[in-house]
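Okay, thanks for squeezing me in, everyone. I've got one chain to walk you through, so let me put it up on the screen.

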Amino acid sequence: MTSSIILAALITILIVALGILFIYKRKDPEYKHEPDYRVFFILGITWLPLGIATDNPAFWGMGAVFMIAGLANRDKWKEQPKFSEMDPAKRKLKLSIIIGLTVLLVAGILVFLLAK
């Protein structure tokens with residue numbers, strides 16, 4: 001019981017610290033951030049069917065909002081560089097993330113099948 005309270009407190013402290021860091025970074029005059037509206041559209045078309053399939057109004061509502069926000073700002077979509085055009089560090093990072101997520105997916109499927 002106490003370990004779960006300590007874990008919750010640590011997570012809360014981490015979230016608050018990250019929030020303070022982002023607020024501080026935002027006040028930096030050199031910090032310019034513009035949202036990638038293409039990602040909003042992709043989130044929208046992902047969450048909308050998920051919300052409809054699970055009959056969850058929060059998912060389909062947010063999916064609709066994200067999709068509309070992405071489509072309304074279609075002229076501001078950022079072009080993504082092709083994998084072959086990325087610098088080697090970014091390419092290695094993305095490949096590592098893809099391999100890690102694939103391993104987690106396969107491990108999850110194995111655990112699911114073995115648990116039956």
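Before I point at anything, one cut-off: I'll call a residue buried if its relative accessible area is under 20%, exposed if that area is over 50%, and partly exposed in between. And keep in mind that this is a predicted model.

So, with that cut-off, let's go to Leu14. Where does Leu14 sit? It's in helix α1, which covers residues 2–26. Buried or exposed? Leu14 has a relative accessible area of 52%, so it counts as exposed. And Leu14 has company: together with Leu18, Leu21 and Phe22, it makes a nonpolar surface patch of about 410 Å².

Staying on that helix for a second, Ser3 is in α1 too. Ser3 comes out at 54% relative accessibility, so that's another one on the exposed side of the cut-off. If you want a feel for distances, take Ser3 and Phe83: they're 80 residues apart along the chain, and their C-alpha atoms are separated by 44 Å.

Okay, zooming out to the whole chain. How many helices and strands do we have? We get 4 helices and 0 strands, so reading from the N terminus, the order is simply α-α-α-α. Now, for 116 residues the globule rule gives 13 Å, and the radius of gyration here is 19 Å, well over that, so the chain is more spread out than a compact globule. In terms of a box along the principal axes, the C-alpha atoms fill roughly 50 × 40 × 35 Å.

What about burial and surface? Of the 116 residues, 9% are buried. The accessible surface comes to about 10000 Å², and carbon and sulfur atoms account for 73% of it. On contacts, if you take pairs at least 6 apart in sequence, 46% of those contacts join residues at least 24 apart.

Last stop, Asn73. This one is in the loop between α3, residues 57–72, and α4, residues 88–115. Asn73 has a relative accessibility of 17%, so it does count as buried. What does its side chain reach? The Asn73 side chain gets to the backbone oxygen of Ala69, at 3.0 Å.

So, to wrap up: a chain of 4 helices, more spread out than a compact globule, with a nonpolar patch at Leu14, Leu18, Leu21 and Phe22 and a buried Asn73 in the α3–α4 loop. That's it from me.

Note on methods: Residues are numbered from 1 along each chain as its sequence is written. This is a predicted model: local features need pLDDT of at least 70, side-chain atom pairs count only at pLDDT 80 or more; totals for chains, interfaces and linings use all residues. Side-chain values use heavy atoms; hydrogens and water are left out. Patches are made of residues with over 30% relative accessible area and no salt bridge: like charges are joined within 9 Å, nonpolar side chains (Val, Leu, Ile, Met, Phe, Trp, Tyr) within 5 Å. Accessible areas come from the Shrake-Rupley method with a 1.4 Å probe; for residues, only the protein chains shown count as cover. A salt bridge is a side-chain nitrogen of Lys or Arg within 4 Å of a carboxyl oxygen of Asp or Glu. Helices (H or I, at least four residues) and strands (E, at least two) are DSSP runs, numbered from the N terminus. Buried means under 20% relative accessible area, exposed over 50%, partly exposed in between (1.4 Å probe, protein chains only). The radius of gyration is taken over C-alpha atoms; the globule rule is 2.2 Å times the number of residues to the power 0.38. Contact means heavy atoms within 4.5 Å. A polar contact is a pair of N or O atoms within 3.5 Å; within protein, one must be able to donate a hydrogen and the other to accept it, and residues adjacent in sequence count only if both atoms are side-chain atoms.
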